[in-house]
Amino acid sequence: MSEKAIPDEARPALQAKAKLDGLSEVGEGGAGKIANNIMHFARVLRAAGLPVGPGKVIEGIKAVETVGLDNRNDFYWALHAVFVNRRDQREIFDQAFHVFWRNPKLLERMASLVLPSFVDPDAQQNAEEMNRRLADALKQEQMEIPGEGEGGQDEEDPEITVDAVMTFSANEVLQKTDFEKMSSEELEAAKRAIARMRLPIMEVPIRRFRRDARGRRIDMRATLRAALRGGGATIPLQYRKRQRRHPPLVVLCDISGSMSRYSRMILHFMHAVTNDRDRVHTFLFGTRLTNVTRQLRYKDVDEALDKVAEAVDDWSGGTRIGHALHEFNTQWSRRVLGQGAVVLLITDGLDRDAADGLDKEIERLHMSSRRLIWLNPLLRYDRYEPKSLGARAMLPHTDEFRSIHNLESLEQLAEALSRADGHGTFQNKSWQEAAQ
Amino acid sequence: MISIPENVESTLELLSSGNYVSDRSLSTAVYLSLKLGRPLFLEGEAGVGKTEIAKVLSETLGRRLVRLQCYEGLDVASAVYEWNYSAQMIEIRMAEAEGISDRDRLGDDIFSDKFLIHRPLLQALDPSADGPPVLLIDELDRTDEAFEAYLLEVLSDFQITIPEIGTVRADEPPIVIITSNRTREIHDALKRRCFYYWVDYPDAERELEILRLKAPQADARLSRQVVEFVQRLRAMDLFKVPGIAETIDWASALHQLDIIELTPDAIDDTLGVLLKYQDDIAKIRGSEAAKILDEVKSEVALAQAAN
C-alpha cells in the first residue's frame, strides 16, 4: 500500500482552495479555509479514535504549508506523517482522508447523523460510543463504494442515506455481555490478592544498576564524587548493584461458554494485574482474539470492564484455541513477547476445532516465551484428567500447569498462581504422563 | 556543506542518487522531517530498509552518521556520556602529589570536558563543519521505557544536561532518524514529537528496481522471477515473510550458484536464505514451491509477451 490514489475530484477542489485563500492566510489564526479544513479533518480523526490534539493540528497546517498544495499525493502524505502514529491507524486515516477531502461537507453531514453535536467540543458524554460508530461508519462507507476513485460525484447522495442506517454487522453469532459492578470489598480483596501473588518468575536481573551499599560492583562515578568531597585525600569506594524488574506478563484468557462463569473474576484479576505493574498485555479469545490491554488500563474497574465488554464480540461462544493462538503468534507475539515475557494462558482446554493446528501453535508460543503457565479452572471436578484433545496437545508445551478445583474468588486465583513451584511441576509431570 | 532539498521532488532525487529506491510517500515524510527539523520515526518489519534511509541521507548530504544501536539496558553511560574515571583518578593523584588541596579547583578540573567521553547522543550535538550530523537511533524498541523517557528531552530541545557541567545544546539540531521493528509499542509521547512513517514491503516494480541496484550481477529474468516469487510468498500465511534484504540475499545467492533460472530444486536448496523459520520452510518446500514457481513462470512469460 504505497501510493494511494487520491480521488481526482479532490484535486480541483484543493487547488481552488489554495488559490482562493492563498497559503499566506494559513498562519493567521487559521483564517484560511484550508487551515480550517485541516482543523475539521483533525476533529474527524480524533472522533475516529486517533490521538490528534490541537498541537497536531498546528503541525499539520505547518506540514502542508511546507510541502505545498501542488501535488495531491504530497498533501496526503504530509498529513499522514503528522496525524498517524501507529500502523493500525493508517486504514482509518486513509478512509477519512478520502471521504473528507472529496467533500468535507459530506463527512460533516454524516457525522451529524451520528451525533447532533458533532462539532461541539463539549459533547463528551457519548464520546467513546461515537468513536466506534464513526469508525464503523467510515468503514461502511468504504465498502459501499467499490469503484472508489473512478466513481462519480453522483454517488455521494446515496452514500449519505446508507450511512444513516449504520448498524453493527452481525455476520457471526456474536454476544455482548454485562458485568455486575464490583463491590468495594471485592475491590479491596482484589488488591490484597494481587499484592500477595507470587508468580514463579517474579523478577529478573536487568542490565541497569543502582547505587547500593551492599552491592558488589564499584560505582566509579559516585566514588569519584565522594572522593572529591573529601578533597581527594581518600577515595571511599561506592558500590552499585544490578537492578531487578518484573518480566513482561502476557495474559491470554479464554472467554468461551465453558469458561463464562469465571470470566468476571478473571477480568477483575487481569484488571488488577494490569494496573499493578507495567508491561502487562492482556488478550481475550473465544472464536477470535481481542487485545484488551488499553481497555483494562482504565483505573476504575467497572469502567474498564464496560470497555472490555464493548470491545469483545465473542463472549460465551465456542473456543478455537488453535486459531486464536495462531493469530496471537503471527500478529502479536513479536510485539509483546520481545523482552522475555511470562505467558499466562487461562483456558480449560476444551476446543471446538478438536485441537486442529493447536499443537504447532502452542509449541511456537512456548518457544517464544520465557515461561508458559497454563492455568486451568477444572469445572469444579476433582478427578479431572487432561483427556480432551486440546489439553493433550497443550500439556507437553507448558512449563507449568496450575489448576483450581474451585475457582470462586480472586484470592484462590492468586493463590493458585503463587503456589510453590514444586507442586505445579509435579502435577504437570504426572499429567503429562497421563496424557501420553 | 550540501544543503537539504527544497521540495519533495528533489528529496526523491536525493534518495535515488544514493541508490535508495523510494516512493513519493516516503520522500514526503523525509522532506518534512528535514525541512521542519523534527525526527523521522520509521517503523516496519525487519529488512525493509529502515536503517538504510539514514545511511543514504548521511552519504548524499555529506553529513557524519552517528549511530546509536539500542539494546536492553542501554544507559546514559553508553548512550550519552561517561566520565573517564582512570584519567580522573590519575589527575587526583597528581594533584595530591603537587600538593593542591583546593577542592573547587580540583572539582572544576576533573569534571571538565577533558575527561568527558562523548557517546553517540552527545556526539550528535557536537558542532561539525559539514553541518549537523545524521543521528540514527536504531531499533529503539529494544531499549526499555526508561531510556525512551530520557530521549524525550534530547529530541524535543536537542539538549543534554550533565549535572557536573551544565546543559549542552546543539547549535543546529541534527537530522534524527529513529527506527523500530515494533517488538513493543513505543510510547505515544515520543511518537508525538516525530513524523511517522510505516515502511512497507515494496510492490513488484519497486522491488525489481531495488534488485537491479543492489544485486546488479543477477540475470534480469532471474531477478524478475525472484521478485515475483517473493511477492507471492508475502501474500501467504507465514510466520515471517521475507523482507527486501532477504530478496537481495537470495538473488545474490542464486547468482553465486550460477543459477540463471528458478527451478524447484534450486528453490528447495536455497530456501533458507529467504525463510528463517523451520515451520515456514517446511510449509513452502517441495510441492508448494513448485506450485508458486509455475504461477511465477507463467506470469513472467506473460509480462514478457506483453512487452
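This is a short conversation about the contact between chains A and B and about one sheet of chain A, in a predicted model.

Student: How many residues does each chain bring to the contact?

Tutor: Chain A brings 37 residues and chain B brings 39 residues. To be in contact, two residues need C-beta atoms, placed from the backbone, within 7 Å.

Student: Which helix of chain A gives the most to the side that touches chain B?

Tutor: That is helix 4 of chain A, with six residues. Among the other elements that supply at least two residues each are helix 3 (54-67) and strand 1 (204-211) of chain A.

Student: What makes up that side of chain A, by residue type?

Tutor: There are 15 nonpolar, 11 polar and 11 charged residues on the side of chain A that touches chain B.

Student: Good, now the sheet. How do you know that strand 8 and strand 9 of chain A pair?

Tutor: Pairing takes at least two bridges. Strand 8 (residues 371-377) and strand 9 of chain A are joined by five bridges, so the two strands pair under that cut-off. They run parallel, and Asn376(A) has Ser403(A) in strand 9 as its bridge partner.

Student: Why is the sheet of order 6-5-4-7-8-9 in chain A called open, and which strands stand at its edges?

Tutor: Strand 6 (289-291) and strand 9 (400-404) of chain A are the edges: each has a single partner strand, so one side of each lacks a neighbour in the sheet.

Student: What packs on this sheet?

Tutor: Helix 14 of chain A does, touching strand 4, strand 5 and strand 6 of chain A. The direction of helix 14 makes about 30 degrees with that of strand 6 of chain A.

Conventions. Residues numbered from 1 in each chain as written. Chains lettered and ligands numbered in written order. Predicted model: local features only at pLDDT ≥ 70, side-chain atom pairs only at ≥ 80, totals over all residues. Helix = DSSP H or I, 4+ residues; strand = E, 2+ residues; numbered from the N terminus. Nonpolar A, V, L, I, M, F, W, Y, C, P; charged D, E, K, R; others polar. Axes fitted to C-alpha atoms, helices over the stretch in contact; angles between N-to-C directions.
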